[in-house]
Amino acid sequence: MERIILHLDMDAFFAAVEERENPQFKGMPLVVGADPKGGRGRGVVSTCNYIARKYGIHSALPISKAYELCPEAIFLPVNMELYQKVSENIMAIIKRYSPIWETVSLDEAYLDLSHIFYDRRKRSIGNLWEEAENLAKKLKKEIFEKEKLTSTVGIGPNKLIAKMAAEKAKPNGLLIIKPNQVKKFLEPLAIEDLPGIGPKTAEVLRNFGVNKIKELKKISKSKLKEIFGLVGETIYERARGVDEEEVSSEEIIKSIGKEHTFEKDTRDPEIIFGTFEKIIRDIWEELIENNFSFKTITVICRFSDFETRTKSKTEPRPLKMGGAKVKMRTKSSLPTLKEPTQDFKILKTEAKKLLLKFLIENPKLIRLIGLRITVC
DNA sequence: AAGTTCTTATTAC
DNA sequence: CTAACGGTAATAAGAACTT
């Protein structure tokens with residue numbers, strides 16, 4: 001059945017919330033992210049307002065570069081609790097517009113509107129899209145009146161098109177792409193505009209003379225599969241505006257991780273293990289809060305030259321019960337076989353063992369350490 | 001040969 | 001000098017390993 005999907009994207013969300021809370025910054029370039037520390041900061045830009053963007057600043061830009069581009073900008077730290085609260089308010093609003101919703105991040109959400117007009121469906125399909133447009137205007141208006149924040153909405157026959165429409169309409173925009181407009185909408189766009197095509201994939205495609213989605217469509221599915229594997233098949237479908245992903249609020253957490261970049265690269269064991277133990281405790285707390293168990297521990301280490309490596313260890317799983325009978329195992333018979341566990345001691349000792357290996361086998365200064373566990 | 005584990009690469013917000 | 005480059009999570013692929 002044909003669907004009508006809406007994508008909501010808050011405009012420059014973190015920066016917009018800060019502007020709202022600090023009206024004295026209105027009209028000035030505003031950057032939310034790491035502390036620039038006079039140009040020596042190690043972090044990146046989280047979000048910036050549109051004035052800052054005129055200087056070439058954007059999300060994920062190293063904060064040192066942002067400072068260089070516009071030292072007179074207002075630099076604010078990330079106040080995640082605040083944005084989280086505002087996000088909850090917004091999500092509470094949007095959920096009332098459809099029982100089928102999906103939160104993507106603090107500032108993005110999808111709604112499936114298909115069924116809304118289904119019950120009282122009157123005449124033509126075209127009418128349904130008009131009603132979707134009215135709903136979007138109402139939604140934007142309600143968010144603005146209640147939260148004083150502007151947003152952009154994209155509407156399309158699936159999540160892919162809805163998202164791309166919003167991307168093209170921002171800021172404070174509304175763009176509706178009906179099924180018969182999908183082809184015209186997509187073909188002139190750059191390949192990077194297609195979700196799933198990042199810098200690396202784009203570079204490979206450019207080497208094939210492909211720059212626009214229209215050109216991408218000339219490459220066969222089997223060729224894309226040959227070059228990019230499974231991703232290639234997805235790209236083939238997406239280039240044609242095909243996307244069957246459901247809007248669904250179910251989320252299954254598969255891993256929990258924490259990373260920390262040091263102020264300065266270091267080999268000081270006090271600093272390294274002190275930081276690491278805090279990471280271990282934080283992760284374990286989150287594990288217990290969610291009543292998860294873990295089965296794989298992965299330690300991440302980034303060296304001063306940015307080389308990033310991982311080491312992981314999986315707790316061996318219990319012997320599989322095959323078709324034939326398996327002898328009952330007694331605990332004492334498998335001292336080395338462990339099941340997924342919540343045990344803090346195991347997490348701590350195994351994680352530290354892995355980290356120690358990095359220290360032993362590599363003399364370079366360390367920039368970042370991290371820990372991730374896959375949960376079940 | 002099949003299933004697991006380990007590691008790296010890529011993407012996205 | 002020459003790049004600068006956070007934190008969190010998912011997914012895919014291939015090599016290495018175990019059974």
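**The surface of chain A near DNA strand C**

Reader: How do the residues near DNA strand C divide by class?
Author: In this predicted model, the surface near DNA strand C comprises 9 nonpolar, 8 polar and 8 charged residues.

Reader: Which residues come nearest to the strand?
Author: Of the 25 residues around DNA strand C, the nearest are Arg-42, Leu-230, Gly-257, Glu-259 and Thr-261.

Reader: And how much of the strand's side of this is sugar and phosphate?
Author: Among the atoms of DNA strand C that come within 4 Å of the protein, sugar and phosphate make up 80%.

Reader: What does Leu-230 offer to a phosphate oxygen, backbone or side chain?
Author: Leu-230 offers a polar backbone atom, which is 2.5 Å from a phosphate oxygen of DNA strand C.

Reader: How far are Lys-254 and Arg-372 from phosphate oxygens?
Author: For Lys-254, a polar side-chain atom lies 2.9 Å from a phosphate oxygen of the strand. For Arg-372, an N or O atom of the side chain is 3.3 Å from a phosphate oxygen.

Reader: Which element gives the most to this surface?
Author: That is β9, with 7 residues. The elements that each supply at least two residues are α3 (63–69), β9 (255–266) and β12 (366–375).

Reader: Turning to the whole chain, how many helices and strands are there?
Author: Chain A has 13 helices and 12 strands. Its C-alpha trace spans about 70 × 65 × 45 Å along the principal axes.

Reader: What share of the residues is buried?
Author: Of the 376 residues in chain A, 41% count as buried. The chain exposes about 20,800 Å², with carbon and sulfur atoms supplying 53% of that area.

How values were computed
Residues numbered from 1 in each chain as written. Chains lettered and ligands numbered in written order. Heavy atoms only, no water. Near = heavy atom within 4 Å. Polar contact = N/O pair within 3.5 Å; in protein donor to acceptor, adjacent residues only side chain to side chain. Helix = DSSP H or I, 4+ residues; strand = E, 2+ residues; numbered from the N terminus. Nonpolar A, V, L, I, M, F, W, Y, C, P; charged D, E, K, R; others polar. Buried < 20%, exposed > 50% of the residue type's maximum accessible area, 1.4 Å probe, protein only. Areas by Shrake-Rupley, 256 points an atom, 1.4 Å probe, with all protein chains shown as cover.
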